[in-house]
Amino acid sequence: MVFRDRRQAGAALADRLRPLAAEDPIILALPRGGVPVGYEVALALNAPLDLLLVRKVGAPGNPELGIGAVAEGGVLVLDEDLVRTLEVTPAALDRSVQRATTELAANSRRHRGGAPPPAVTGRTVLVVDDGLATGGTAAAAVQALRERDAARIVVAVPAAAPQSAARLRERADAVVCVHEAAGRRAVGEWYADFRQTPDREVTHLLTDARSRRLREIPDARRRSGA
């Protein structure tokens, strides 16, 4: 099974998530690839869309291999088994974590302009990404939301490795996935078009989702007589 692109994958995921619309969720997408997916979910559920900033901690000498992740609020989640298997020294681990933390701060300035993350206290939150490989960034996202007192946390992705989804089900309240299958080593293997999502597209989709919601809320109030 291969998705055409992230938008088409998001539409497929939205179909699985429609029953959650009654919980008035907030959609938090993991940038950048999770934003086009989250955009489709937000439109289908008529829910607010925002970002949850997370950054992978790369293995020393192999930064594409995630050994953990950092998230907003100073959250750090490590794959302790992988750290031991790779024999990562404490000094090398500190450097990798610091690099990820610096990149996270830069992303926060770029995408938020210094504004705080959205409030999630007492809310149902759908954490949306374009897929789960190791699941490290999603795990950090879940922990960050726990610390911000989210009422219910649902990780939602178009595709996932079964082991990663199973591990996340121990952390999140639920994991919703369109398709799980072993043997795919990278999220991009699920997509015909997996080009990097540019910052300008992230900005455009967030702005468009907010403007659509602002238009639809008054319409809904008029229909209800409020």
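**Notes on the parallel strands and their helices**

1. A good place to start is the pairing of strand 7 (152-160) with strand 8 (174-180): the two run parallel and are joined by six bridges. Within this pairing, Ala 156 has Val 176 of strand 8 as its bridge partner. Please keep in mind that this is a predicted model.

2. The link between these two strands is worth a look. Strand 7, helix 6 (residues 162-169) and strand 8 form a β-α-β unit, and it is right-handed. Strand 7 itself is mostly covered, with eight of its nine residues buried.

3. On to strand 6 (124-128), which also runs parallel to strand 7, with five bridges between them. Here Val 127 is partnered by Val 155 of strand 7. A right-handed β-α-β unit appears here too, made by strand 6, helix 5 (residues 136-147) and strand 7.

4. Strand 6 has another parallel neighbour: four bridges join it to strand 1 (residues 26-29). In that pairing, Ile 27 sits opposite Leu 126.

5. How enclosed is strand 6? Five of its five residues are buried, so the rest of the structure largely encloses this strand. Side chains in a regular strand alternate between the two faces of the sheet. In strand 6, Thr 124, Leu 126 and Val 128 point one way, while Val 125 and Val 127 point the other, and all are buried.

6. Helix 5 passes a simple length check: twelve residues at 1.5 Å each should span 16 Å, and the end C-alpha atoms lie 17 Å apart, which agrees. Its buried residues are Gly 136, Ala 138, Ala 139, Ala 140, Ala 141, Val 142, Ala 144 and Leu 145. After the helix comes Asp 149, with a positive phi near 65 degrees.

7. Helix 1 (residues 6-17) does well on the same check, since its twelve residues should span 16 Å and its end C-alpha atoms are 16 Å apart. At its N-terminal end, Asp 5 acts as a cap, with a side-chain oxygen 3.3 Å from the backbone nitrogen of Arg 7.

8. Which residues of helix 1 are buried? They are Arg 6, Ala 9, Gly 10, Leu 13, Ala 14 and Leu 17. These residues cover an arc of only 145 degrees around the axis, which puts them on the same side of helix 1. An α-helix has 3.6 residues a turn, so residues three or four places apart point the same way. The cover over the buried residues of helix 1 includes helix 2 (34-45) and strands 6, 7 and 8.

Notes. Residues numbered from 1 in each chain as written. Predicted model: local features only at pLDDT ≥ 70, side-chain atom pairs only at ≥ 80, totals over all residues. Heavy atoms only, no water. Expected span 1.5 Å × (residues − 1). Buried < 20%, exposed > 50% of the residue type's maximum accessible area, 1.4 Å probe, protein only. Arc of directions from axis to C-beta. Contact = heavy atoms within 4.5 Å. Polar contact = N/O pair within 3.5 Å; in protein donor to acceptor, adjacent residues only side chain to side chain. Pairing = 2+ DSSP bridges. Right-handed = clockwise from strand over helix to strand, strands pointing away.
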